[in-house]
Amino acid sequence: MKTTFQTFGTASSLFYKSRKRLKYAIYFFLSVTLIILGRFDHPWISSINYTIAFVVTPAIVTFEAVADGTFNAISWVQGLAALETENARLRQENSRLQQYRFIADRAVMENQRLQELLNVRPTFVPTLVTARVIAVAGGAYSKSVLIHAGSEDGLRVDLPVVDENGLVGRTIQVGFRATRVLLTTDFNSRIPVQVERSKRNAIIVGRNDDLLRMAFTGPDMDVSVGDRILTTGHGGMFPADIIVGTVVEVDEDDILIRPAANLENLDFVRVLDYNANQLEPGEGN
Amino acid sequence: MGSLANASPALVTIFLILFMRVPFEDSDAGMFIPIFSLIFTYYFRLHFPQYARLWLIFLMGLLEDFLGGGYLGLTSLILLLVSALFERRRNIFLQSSFLTEIFIFTFFSLAISVVYWMLASFIMADFLPGLPFFFQGLMTALVFPVYVFLIGRINKRVSI
């Protein structure tokens with residue numbers, strides 16, 4: 001027969017186990033709820049992401065600044081050893097760039113003259129926000145990065161992001177000071193494109209690795225290895241004529257494209273906003 | 001000092017989660033970062049459950065999901081499953097040596113990566129490539145002994 005003490009011990013043990021099970025149940029329920037809400041893009045998920053970004057961004061930025069400072073110091077020391085060679089290289093590059101600048105200036109003047117002759121409406125000038133990449137995703141099923149710019153800089157969801165070489169991706173989650181950019185290589189990425197040479201349209205799909213796949217191609221798709229792939233502007237998300245990549249493989253099953261953007265080594269990116277400077281009706285005539 | 005010693009494993013883990021996401025030169029946006037929260041949950045729920053409260057595990061999972069760009073709650077769910085699993089089997093695993101524990105965790109990490117892949121594919125309603133999950137599980141397993149050594153040293157220093 002159990003003593004009072006033993007009964008109390010058994011009861012408190014049962015109570016403890018029930019409380020633990022209740023805690024597990026609550027957290028399981030919260031996790032599943034978040035997953036379901038995220039699957040259907042509920043606004044609460046954006047708010048939660050916004051809050052997490054607000055809390056976490058300062059820490060990430062600090063780490064990034066320390067890491068960057070460290071690498072800059074190392075690079076500076078390494079650079080000291082190669083000053084003379086670097087100087088010679090820079091002098092050559094400067095001379096080449098001066099020539100390109102002369103050609104570019106002439107092209108701009110000729111372009112302006114032709115536009116005046118043809119009475120062309122002025123094109124939109126995209127608003128640019130340049131931002132530093134502060135975190136890489138490193139996940140198994142998501143290819144994205146965090147950049148240090150957010151709603152305080154005027155960013156919104158679904159803005160195109162580029163680097164000096166081409167299209168990087170688009171903004172998908174915007175916090176106050178940090179924004180997530182979905183890379184073109186992500187499984188969920190879909191971009192309407194055109195083969196520059198043949199002007200054939202297709203859709204570029206991410207594969208979660210370092211190459212892109214061309215989808216929705218017709219049987220008479222005219223594409224070859226080496227062809228450049230550009231955005232078409234269809235759908236309104238990506239403006240036209242941004243370089244997406246270059247075709248590297250064409251076979252019966254797949255057409256594969258290597259992204260033009262340096263996704264392995266993203267540092268600074270630019271967020272384009274073509275809608276901010278739209279002309280009012282009647283302007284530009 | 002006592003509360004710092006109690007908090008140091010979680011703080012070190014959070015530091016590692018954030019630090020590994022910093023874009024170092026030549027770091028690939030697609031490289032596989034170990035799941036430190038998984039190591040934390042496995043090791044501390046097993047050996048020192050007072051350092052690994054459920055709310056902490058849940059929040060770490062959210063942090064991993066936020067930084068990884070995945071669905072919020074998925075990593076938390078996986079970590080809670082791990083915690084619940086080891087809650088019931090603590091006595092068995094506590095008796096193994098550290099070398100055995102490394103082998104167990106390696107097997108376990110790869111098994112979890114399969115679960116991760118299945119859940120992610122189910123949620124996204126598509127058959128995701130499995131190799132990235134496998135490599136991430138492998139990376140996590142490789143980091144496990146280093147993490148345990150590091151945490152042990154830091155905790156010892158903080159506890160003095």
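Chain A of this predicted model contains three helices and 12 strands. Its 285 residues include 29% that count as buried. Among the contacts in chain A with a separation of 6 or more, 56% link residues 24 or more positions apart. The chain is divided into domain 1 (9-40), domain 2 (59-118) and domain 3 (190-260). The centres of domain 2 and domain 3 of chain A, taken over C-alpha atoms, are separated by 29 Å.

**Strand pairing in chain A**

Strand β4 of chain A, residues 167-174, is mostly covered, with seven of its eight residues buried. This strand pairs with β3(A), residues 160-162, and also with β5(A), residues 179-183. Four residues form the hairpin connection from β3(A) to β4(A), and four residues likewise lie between β4(A) and β5(A) in their hairpin. The table lists these pairings together with that of β6(A) and β7(A).

| Strand pair | Sense | Bridges | Residues that stand opposite |
|---|---|---|---|
| β3(A) and β4(A) | antiparallel | three | A:Val161 and A:Gly169 |
| β4(A) and β5(A) | antiparallel | five | A:Gln173 and A:Arg180 |
| β6(A) and β7(A) | antiparallel | five | A:Pro192 and A:Ile203 |

Strands β6 (residues 190-195) and β7 (residues 201-206) of chain A also belong to a barrel. Six strands of chain A close into this barrel, in the order β6-β7-β8-β11-β10-β9, with antiparallel pairing. On average, neighbouring strands of this sheet are turned by 45° against each other, direction ignored.

**Loop residues with positive phi**

Two residues in loops of chain A deserve separate mention. A:Lys199 is not a glycine, yet its phi is positive, near 60°. This residue is placed in the loop between β6 and β7 of chain A. A:Lys199 counts as exposed because 10 other C-beta atoms lie within 10 Å, and a residue is exposed at 12 or fewer. A:Asp241, also a residue other than glycine, has a positive phi of about 70°. The loop that holds A:Asp241 runs between β9 (228-231) and β10 (243-250) of chain A. With 11 C-beta neighbours inside 10 Å, A:Asp241 is therefore exposed by the cut-off of 12 or fewer.

**The largest nonpolar core**

In soluble globular proteins, nonpolar side chains tend to be buried together. The largest nonpolar core of this model has 94 residues, and the members that touch the most others are A:Val145, A:Ile147, A:Val168, A:Ile204, A:Val244, A:Val269 and B:Tyr42. Helix α3 of chain B, residues 54-68, gives the most to this core, contributing nine residues. Domain 1 (9-40) and domain 3 (190-260) of chain A each supply at least three residues to this core.

A:Val269 illustrates the contacts of one such member. Leaving aside residues up to four places away in sequence, A:Val269 touches A:Ala131, A:Val133, A:Ile147, A:Val161, A:Val162, A:Asp163 and A:Val168. Of these, A:Val161 is the residue that stands opposite A:Gly169 in β4(A).

**The contact between chains A and B**

The contact takes 45 residues from chain A and 41 residues from chain B. On the side of chain A that touches chain B, two or more residues come from each of α1 (4-39), α2 (43-81), β1 (127-136), β2 (144-147) and β5 of chain A. The residues on this side of chain A comprise 27 nonpolar, 10 polar and eight charged. The element β5(A) thus appears both in this contact and in the pairing with β4(A).

Note on methods. Residues numbered from 1 in each chain as written. Chains lettered and ligands numbered in written order. Predicted model: local features only at pLDDT ≥ 70, side-chain atom pairs only at ≥ 80, totals over all residues. Buried ≥ 20, exposed ≤ 12 C-beta atoms within 10 Å, placed from the backbone. Pairing = 2+ DSSP bridges. Core = buried A, V, L, I, M, F, W, Y, C linked by C-beta atoms within 7 Å. Domains from an automatic or database assignment. Contact = placed C-beta atoms within 7 Å. Nonpolar A, V, L, I, M, F, W, Y, C, P; charged D, E, K, R; others polar. Axes fitted to C-alpha atoms, helices over the stretch in contact; angles between N-to-C directions.
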